[in-house]
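Here is a short tour to read alongside the coordinates. Keep the viewer open and follow the residues as they come up.

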Amino acid sequence: VATGVLALIVLKAATLFAATRVPRWMEPNRLSIPDAIRLSLLLSGGGEFAFVLLALAEKLEVLPPELGGLLTAIVLITMAVTPVLGELADLVSNQLEDDGLSVLTGIDAVVAEDGETEVADDAIVVCGYGEIGQNVVRVLGDEYEMIRRVNSPDDCDDNGCSIDNLPRVVAFDNDPGLTGSILIPNESSVVLFGDGSNPEVLKSAVARPSALFVTFEDAGRVSSTTTRLRAAFPGTNIYTRAQTRSEAQALKSLGATEVVVESDELARSAPALVFSQSLWDTTGNATLSVDDINLLRQAAAAASGASLEVVDNVLELYECIDTGVSGPVDADGLVAFIRKSNSGIASDDEILDMESWVRDVVTTPLNPVGFCRVYVRAPALIRRALNDACLLI
């Protein structure tokens, strides 16, 4: 009887667990491993319908009475131990969920069990906490820690800074392991359970995000999220990533502020994109410190995909165009600047073609980062005209 009880529980639990592990492309919402183990153990015992089948089998003389009685006893015992199986399921699944949180963060994390937290109203929001999202949160958290060491030295010591009362970076992910908990990967960041592609979920925690990072792996989800976030946050910078330049162009048309091609570059360029943008918003074209210039160069390189050497040349060209220190350069300013050069231009039609390209592409005024991105994409004739016009000034 004991062997039969053990065999029934093991075989049924294994079958149920296997049923939950279908490929994710077939069932995107399949259960996580902890939940699958919980389900498998809870349902591994026999059920009441077994009595009906066994009684019918004995009546039809398919089973001998002795075997029918043995199987009935086995089913009864497995039903009786269901509460024990429930306790075992909670023990195993909870342990796996705790381990899963450590794997999810990649660093030592603190988990708050109260399920509630407050974040800054203008915090940076990271949509998704996969591999890319983790790296974005990490580098932004490190950047904020350096800022706190300068602005609030009393909060920091040789071992790091205290946990920020109002975290400046918040990530959203619908991983079941985050249910009911708040993950704190570093002193200035939190990770909350929620659909990062849903603007209403984001607004429930951050009323006026200073920046949005879309870090999902699936290109379709990145596109749909960018569209929804742009409609919900029309004035907020949205940064995302793309596998190809054609994807990047599509995302730009959907409302992305900057699109970084190559998955590993979004995390590395996150601080430059955020802090150089806020720097330009507050100082305009004023004299910048060496650190500020480096941030600007990194952001421009990340946005355009060009080397730092090329970026340096393009930033010099931007200063040449914006000689009046008037701020971002618009399409009219670029067109007027191009008209100052006749180098390599064979006809008025070519000038009109260049002007048309500029007006189609430059729909909003360009800061240095945006100018670098447009310059790299521009036809060779336009780049040559801009450079030659600068030499004539």
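## Charged pairs, cores and a surface patch

Let's begin with an arginine: Arg168 has a relative accessible area of 23%, so it counts as partly exposed. Please keep in mind that this is a predicted model. Arg168 pairs with Asp122 in a salt bridge, their closest N and O atoms lying 3.1 Å apart. The two residues sit 46 positions apart along the chain, with Asp122 in the loop between strand 1 and strand 2 and Arg168 in the loop between strand 4 (160–161) and strand 5 (169–173). Asp122 is also partly exposed, because its relative accessibility is 33%.

Across the whole structure, 6 salt bridges are found. Three of them are set out here.

| Salt bridge | Closest N and O atoms | Separation in sequence |
|---|---|---|
| Asp122 and Arg168 | 3.1 Å | 46 residues |
| Asp90 and Arg38 | 3.4 Å | 52 residues |
| Arg208 and Asp121 | 3.9 Å | 87 residues |

In the Arg208 and Asp121 pair, Arg208 belongs to the loop between helix 7 (199–205) and strand 8 (211–214), while Asp121 is in the loop between strand 1 (110–112) and strand 2 (124–127). Arg208 is exposed at 55% relative accessibility, and Asp121 is partly exposed at 41%.

The remaining pair in the table joins helix 5, which holds Asp90, to helix 2, which holds Arg38. Is Arg38 buried or exposed? With 19% relative accessibility, Arg38 falls under the 20% limit and therefore counts as buried. Its partner Asp90 is partly exposed, at 36%. Asp35 joins these two residues in a network of salt bridges.

Helix 5 (residues 82–105) has another role to look at: with 4 residues, it gives the most to a nonpolar surface patch. This patch covers about 400 Å² and is made by Ile33, Leu88, Leu91, Val92 and Leu96. Val92, placed in helix 5, is partly exposed at 31% relative accessibility.

Now for the interior. In soluble globular proteins, nonpolar side chains tend to be buried together. The largest nonpolar core here has 31 residues, and Ile321, Leu334, Val358, Phe371 and Leu386 have the most contacts inside it. At least two residues each come from helix 11 (290–304), helix 12 (308–321), helix 13 (331–338), helix 14 (348–361), helix 15 (368–377) and helix 16 (380–392). Helix 12 provides the largest share, 7 residues. Beyond its neighbours within four places in sequence, Leu386 touches Leu317, Ile321, Leu334, Phe337, Ile338, Phe371 and Tyr375. A second core, separate from this one, has 25 residues, among them Ala120, Val170, Val190 and Val222.

Towards the start of the chain, have a look at Ser44, in the loop between helix 2 (33–42) and helix 3 (49–59). Ser44 counts as buried because its relative accessibility is 0%. Which backbone oxygen lies 2.8 Å from a polar atom of the Ser44 side chain? That oxygen belongs to Leu41. Setting aside residues up to four places away in sequence, Ser44 is in contact with Leu8, Ile9, Lys12, Ala13, Leu16 and Leu85.

A last stop is Glu61, found in the loop between helix 3 and helix 4 (65–80). Glu61 is not a glycine, yet has a positive phi of about 60 degrees. With a relative accessible area of 71%, Glu61 is exposed.

Terms used:
Residues are numbered from 1 along each chain as its sequence is written. This is a predicted model: local features need pLDDT of at least 70, side-chain atom pairs count only at pLDDT 80 or more; totals for chains, interfaces and linings use all residues. Side-chain values use heavy atoms; hydrogens and water are left out. Patches are made of residues with over 30% relative accessible area and no salt bridge: like charges are joined within 9 Å, nonpolar side chains (Val, Leu, Ile, Met, Phe, Trp, Tyr) within 5 Å. Accessible areas come from the Shrake-Rupley method with a 1.4 Å probe; for residues, only the protein chains shown count as cover. A salt bridge is a side-chain nitrogen of Lys or Arg within 4 Å of a carboxyl oxygen of Asp or Glu. Buried means under 20% relative accessible area, exposed over 50%, partly exposed in between (1.4 Å probe, protein chains only). A polar contact is a pair of N or O atoms within 3.5 Å; within protein, one must be able to donate a hydrogen and the other to accept it, and residues adjacent in sequence count only if both atoms are side-chain atoms. Contact means heavy atoms within 4.5 Å. A nonpolar core is a set of buried Ala, Val, Leu, Ile, Met, Phe, Trp, Tyr and Cys residues joined through side-chain atoms within 4.5 Å.
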